[in-house]
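Dear colleague,

I am passing on the structure we discussed, with the sequence alongside, so that you can look at it before reading my notes. What I found in it follows below.

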Amino acid sequence: MQADRQGRLSGFAMLSDAAVQEMAAWRQDLHRHPETAFDEHRTAGKIAGLLRSFGLEVATGIGRTGVVGTLRAGGGSRSIGLRADMDALHLHEQGELPYRSQHAGRMHACGHDGHCAMLLGAARHLAESRAFDGTVQFIFQPAEENEGGGQEMLEDGLFERFPVDGVYGMHNWPGLPLGQMAMHPGPMMMAFDLFEIRLRGQGGHAAMPERTRDVIAAQAQLVTALQSIVSRNVDPLDCAVLSVTQVEAGSTWNIIPEQALLRGTVRYVDPAVQAVIESRMRELVDHIALAMGVEADMDYWYRYPATINAEEETWLAADVAAQLLGEANVRTKMRPSMASEDFAFMLRERPGCYAWLGVDGPAPGAGLHSPHYDFNDQALAIGAAYWIKLVETALASAAKPTER
C-alpha cells in the first residue's frame, strides 16, 4: 500500500469510506467542544458511549476523567494497550473552521481530537471483526498537556485493573508527510521539568539605585548565567535544554521593584544530566543572589520522564507500519524530539512503542500548539488502520519481527 501524490491512501479495504467519514465527524465534534486537563467530562462521556455502542466493556473515571474500553476475542491470554490522549489546550482558536471551538480560550491545537477518533475507529472495526486472539485495552487518557494524566491513571491502578503485556501510543506529527510514520527504539522524546526562581531585594527610585538592592540586575545576571549550564557543565555528547520562559518584575518606568520572578523548563534524557543541571542551577541562584545583595529561592519540579521505546515492541510496530505504508514510508532512524509526552509514565511500567504519524500535505499547515492548528482528517484512515493491524499482528503470532 502506498501513499499517492495527493497524500491519500489507497488499499485500506478494512475501512470503508463511510467509516472514515464517521471518524471525521467524531473528530470534528470533539474539536468543536474542547476540554482541558481533568475537565474532559463531555469528551469522556462521548467516548464511553461510543465504546459501549460497539459492544466493549467500559470503565470511566480512571485517573479522574480517563476511559478504558476492553475488547476480548478468542481464548488467548496475551493483551495489548492502545492509548489516545483526550485533552485540549488553553488557547483561543484563531481559524475560521466550520467546526471551530465553541469554548473561548480552549482548543484542540495538538490533534488529540484526531487521536481519539482514530482509536475509536479501530475499536469499532476490531469489535466487528474479532480478528485477533487475546485482549485489547483501549486507553483514553486525560490531561496529557502538562498535568500528568498518564501518571494519574497509573496511580489509579490502570495496569492492575486492565493488564497489558505491551502499550502503544501515537501522535500526529507536523513536519512528517502524510502517508509516513516514524519510530525508533530508545528515546523518542525528552524528560520535562519546571523551575521557578523568586528574587527579593529593596525597591526604590530608579534615579537613586544606590539606595536599593536591585532585583532586576540580579535577574538579568541569572538569565545569562543559567544559559551557561548546558554549554559549560553538560557533556556536549548529551542532549539537554534549559529555557527561561517567563521573566516578571516591576510596574512602571521609574521604580526599581522589590521582587522579581523567573520561570522556565529543563529537558533531558539521562537523569544524571538532570542532576548536574539542577545542582548547578541552585549554586548559581545562591551565589548570584549573594553577589548582587538580594535574597533568592528556587523551586524545581520533576514532571515527565523521557519517552523511551522498547526494542522488540518498536520493531513490531515498525513492521506493521511498513506493511501498511511501504518500507520507504517508515522512518526508524531520526533524532528524538526535545518536546515531552506523559505516555512516558506508561512506558516506564510496560514495554511499548510511541510513534509519530505524518499529517503534512503538499502545503503544510500550522504546527502543534498554534491557534491555527487543525488535525488533517486524511490521516484518520492511516492511524486507525495502523492500530487495527498492530492488534491483529501482536495478538495473532508470537513470532518476533525482523530487526532492520
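Where is Cys-110 found, in terms of the strand and the helix on either side? Cys-110 sits in the loop that runs between strand E3 (79-85) and H3. Please bear in mind throughout that this is a predicted model.

Cys-110 is a useful place to begin, since UniProt, in an unreviewed entry, lists Cys-110, His-112, Glu-145, His-171 and His-369 under "binding site". These positions are spread over 260 residues of sequence, yet they cluster in space, with a largest C-alpha distance of 13.2 Å. From this set, Cys-110, Glu-145, His-171 and His-369 belong to the lining of the largest pocket.

Two of the listed residues deserve a fuller description. With a relative accessible area of 7%, Cys-110 falls under the 20% cut-off and therefore counts as buried. Leaving aside residues up to four places away in sequence, Cys-110 touches Leu-89, His-115, Glu-145, His-171, Asn-172, Leu-368, His-369 and Tyr-373, so that Glu-145, His-171 and His-369 from the UniProt list are among its contacts. His-171, for its part, lies in strand E5 (residues 166-177) and is likewise buried, with a relative accessible area of 4%. Its contacts, again not counting residues up to four places away in sequence, include Asp-85, Cys-110, His-112, His-115, Glu-341 and Trp-356. The side chains of His-171 and Asn-172 are joined by a polar contact of 3.5 Å.

Helix H3 covers residues 112-129, and its length can be checked: at 1.5 Å a residue, its 18 residues should span 26 Å, and because the C-alpha atoms at its ends are 26 Å apart, the two values agree. H3 is also mostly covered, with 16 of its 18 residues buried. Just after H3 comes Arg-130, which takes a positive phi of about 50 degrees, and this is a residue other than glycine. Arg-130 lies in the loop between H3 and strand E4 (134-141), where it is partly exposed at a relative accessible area of 36%. A positive phi, near 80 degrees, is found in Asn-146, which is also not a glycine; Asn-146 lies in the loop between E4 and helix H4 (149-155) and counts as partly exposed at 40% relative accessibility.

Two further loop residues may interest you. Thr-65 lies in the loop between strand E1 (57-62) and strand E2 (66-73), and at 5% relative accessibility it counts as buried. The side chain of Thr-65 makes a polar contact of 2.6 Å with the side chain of Glu-40, and Thr-65 also touches Phe-38, His-41, Ala-44, Met-86 and Pro-142, among residues over four places away in sequence. Pro-98, by contrast, is exposed, with a relative accessible area of 74%, and is found in the loop between E3 and H3. The C-alpha atoms of Pro-98 and Ala-18, which are 80 residues apart along the chain, are separated by 20 Å.

Finally, a word on the chain as a whole. The domain assignment gives domain 1 (3-188 + 306-395) and domain 2 (191-304), and the centres of the two, taken over C-alpha atoms, are separated by 37 Å. Between them, 14 residues of domain 1 are in contact with 10 residues of domain 2.

With best wishes

Definitions and conventions. Residues are numbered from 1 along each chain as its sequence is written. This is a predicted model: local features need pLDDT of at least 70, side-chain atom pairs count only at pLDDT 80 or more; totals for chains, interfaces and linings use all residues. Side-chain values use heavy atoms; hydrogens and water are left out. Helices (H or I, at least four residues) and strands (E, at least two) are DSSP runs, numbered from the N terminus. The expected span of a helix is 1.5 Å times one less than its number of residues. Buried means under 20% relative accessible area, exposed over 50%, partly exposed in between (1.4 Å probe, protein chains only). UniProt positions are given in the numbering used here, feature names are shortened, and annotations may be inferred rather than shown by experiment. On a 1 Å grid over the protein atoms alone, a cavity is a set of points where a 1.4 Å probe fits but cannot get out, and a pocket is an open set with protein on both sides within 12 Å along at least five of seven lines; lining residues have an atom within 4 Å of a point. Contact means heavy atoms within 4.5 Å. A polar contact is a pair of N or O atoms within 3.5 Å; within protein, one must be able to donate a hydrogen and the other to accept it, and residues adjacent in sequence count only if both atoms are side-chain atoms. Domain bounds come from an automatic or database domain assignment.
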